[in-house]
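Please look over the sequence and the model below before reading on. The paragraphs after it explain a few of its features.

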Protein chains: 2
Amino acid sequence: MPLNFTILPPPAALAIALRQKIDQKTKPLRALGQLEALALQIGLIQQTLTPTLNAPHIIVFAGDHGLVAAGVSLYPASVTAQMVANFINGGAAINVFARQHGIGLVIVDAGVNGDLSAYPDLIQAKIGNGTQNCLTQAAMSADECHAALRKGAELVMARHAQGCNCIGFGEMGIGNSASASLLMHSLTGLPLADCVGRGTGLDDTQLSHKTAVLQDVLARHQQPSAGLPLEVLATFGGFEIAMMTGAYLQAAELGMVIMVDGFIASAALLVAAHCYPAVLDYCIFSHVSNERGHRAMLEHFNATALLQLDMRLGEGSGIAIAYPLLQSAVLFLNEMATFAEAGVESAL
Amino acid sequence: MPLNFTILPPPAALAIALRQKIDQKTKPLRALGQLEALALQIGLIQQTLTPTLNAPHIIVFAGDHGLVAAGVSLYPASVTAQMVANFINGGAAINVFARQHGIGLVIVDAGVNGDLSAYPDLIQAKIGNGTQNCLTQAAMSADECHAALRKGAELVMARHAQGCNCIGFGEMGIGNSASASLLMHSLTGLPLADCVGRGTGLDDTQLSHKTAVLQDVLARHQQPSAGLPLEVLATFGGFEIAMMTGAYLQAAELGMVIMVDGFIASAALLVAAHCYPAVLDYCIFSHVSNERGHRAMLEHFNATALLQLDMRLGEGSGIAIAYPLLQSAVLFLNEMATFAEAGVESAL
């Protein structure tokens, strides 16, 4: 069952007028650096000289991973469900940062291994009680994978219908950096070791073990072709990752400004971009971490992240922290005086 | 006339309790990276486990430079006064970003060459109509320098008296990157060429001319000793730079959180740190630009900036853009749940 999105690059014609508007503001040429690039990109995505960010949202997808049984994380799998409860109760980092910036927060049970039906504020979208262990079989079936993609897309459509034009995706899932590494290796062709990192804080020995486990995983599967990204996703992905992939695609089709979080969120985007490369035109990369592989993945996207603050948390935390910079870009474009308006002389 | 501040490093004993509080939050150890370092520093400055940022302010000091006659800037000197009017009318970048984040903005005529008495919202603190041209004489007299230092200190005291505990300093002054380069060279001993940059956008030829002018300046003065920072300041500085120096010292004495802007703001801090090294313990560096010399100056301070967004505007713009990160640091420390509170298991 092929995906059916229509994702085109935003028409570029408006770039000249946007650049002129930026250059007439009372500041030396290019003096706002990456904020100017942001203003240009957001203006192009929205096809307007006066862009706005309306009802920004972060959707956090949570899911468990069968591979955790092989010992690839520092934390027990039970922490996924516990952290979902923490999100719902408002006590996690992403809650704090989303509140700070007025970003709506939506938490989704994409496939947590545990009964979370008691939480009315949690979006119940469980595809399964965690994925299968990909040491022995594909993490999910093709049907499960498509169900997850569709659900991610649906959730974005619902936010968009309520006026949201700026969205980002976070994740929670013990073991999901291992899944992201497998996706990255399979889709970029980079050596596995360059795609595997310390996750929540593995030491050297634990990192070696994680890498060895992932080598075993790769050995037990007919390596799916990078030309079949959804097969790669079903074999190695997670339910939360697959939902993110669907969410990116839907957000791009709807012409939304998309904020990209960390390593795992970028791996989900990698799958999306292998299906529809133009999705990347809608993406703003919030934060680059020290997780091995993240920087290489951004290079693969030919992207630069706004922030590098040594964070490695997931949850959409990088997005929330970077969001004020998007606001700044839109605000300077709309509110700053021009040289003519302010009666300020230009360069000699 | 020696300066008379009492500036001591914040007592370090609380660091252990702050670190423990940070480590008990529901996140992997160190997963909030530089935000954790910020929370620790702000907690130490305020000597509390529950720091707050109250009534944050940016004071923008404006002044003109006699050296501009030698052609060291891309813009005519008249732009300083024009931009002050733009600040007062709310049309500059710093106005936009300060409004965005609820940061109080104070504009000071430290020594603009022009009559700005018609602006009631401008703080009238003119030391002179621009500095003297330091190609022929010291930029200012020792008395003028001290008057500027005192005024900067006074303005900080006034904000502090009104409940402000977090402050940063911006500047506007055509030609002041040349002044900052001379201060940097004199106080760090780094080669002049490593301290001179493109300012608002000089091309290679213009940059060579600027460097040659500054070499002439240095040749015409008995090189003041780095051990006499206020003499260096009077010889090469600007009125806005001297006021910033006094402002830093007063803010540190009052135990305020100090936000440091770009290259010129850092040069003013360099003078302050040569008088009282402990001033640096109160400083948070907001943004590192591509202005030649800025990175080396931060290395001299043994400091890392929060942001690097290719901005080069001054005005306190880097501070305003970085301020939400300080807020995030304080908020996660105060609001995030602990592992125990949230019932989340720790690492295996």
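The text goes from the chain pair to a helix contact and then to one residue.

This is a predicted model, in which local features need pLDDT of at least 70, side-chain atom pairs count only at pLDDT 80 or more, and totals for chains, interfaces and linings use all residues. Residues are numbered from 1 along each chain as its sequence is written, chains are lettered from A and ligands numbered from 1 in the order in which they are written, and side-chain values use heavy atoms, without hydrogens and water.

A turn of 180° with a shift of 0.0 Å along the axis lays chain B on chain A with an RMSD of 0.0 Å (superposed by least squares on C-alpha atoms of residues with pLDDT of at least 70 in both). The two copies are therefore related as by a two-fold rotation axis. In chain B, the C-alpha nearest the axis belongs to Leu307(B), 3.3 Å from it.

Across the pair, helix α4 (residues 93–101) of chain A packs against helix α12 (residues 317–335) of chain B at about 135°, with axes 9 Å apart. Helices here are DSSP runs (H or I, at least four residues), numbered from the N terminus; axes are lines fitted to C-alpha atoms over the stretch in contact, and angles run from 0 to 180 degrees between N-to-C directions. Among the residues that meet (heavy atoms within 4.5 Å) are Phe97(A) in α4(A) and Leu331(B) in α12(B).

Within chain A, Phe87(A) is found in helix α3 (residues 78–88). Phe87(A) is buried, with a relative accessible area of 2% (buried means under 20%, with a 1.4 Å probe and protein chains only). Beyond its neighbours within four places in sequence, Phe87(A) is in contact with residues including Val60(A), Met172(A) and Glu315(A).

Conventions
Helices (H or I, at least four residues) and strands (E, at least two) are DSSP runs, numbered from the N terminus. Buried means under 20% relative accessible area, exposed over 50%, partly exposed in between (1.4 Å probe, protein chains only).
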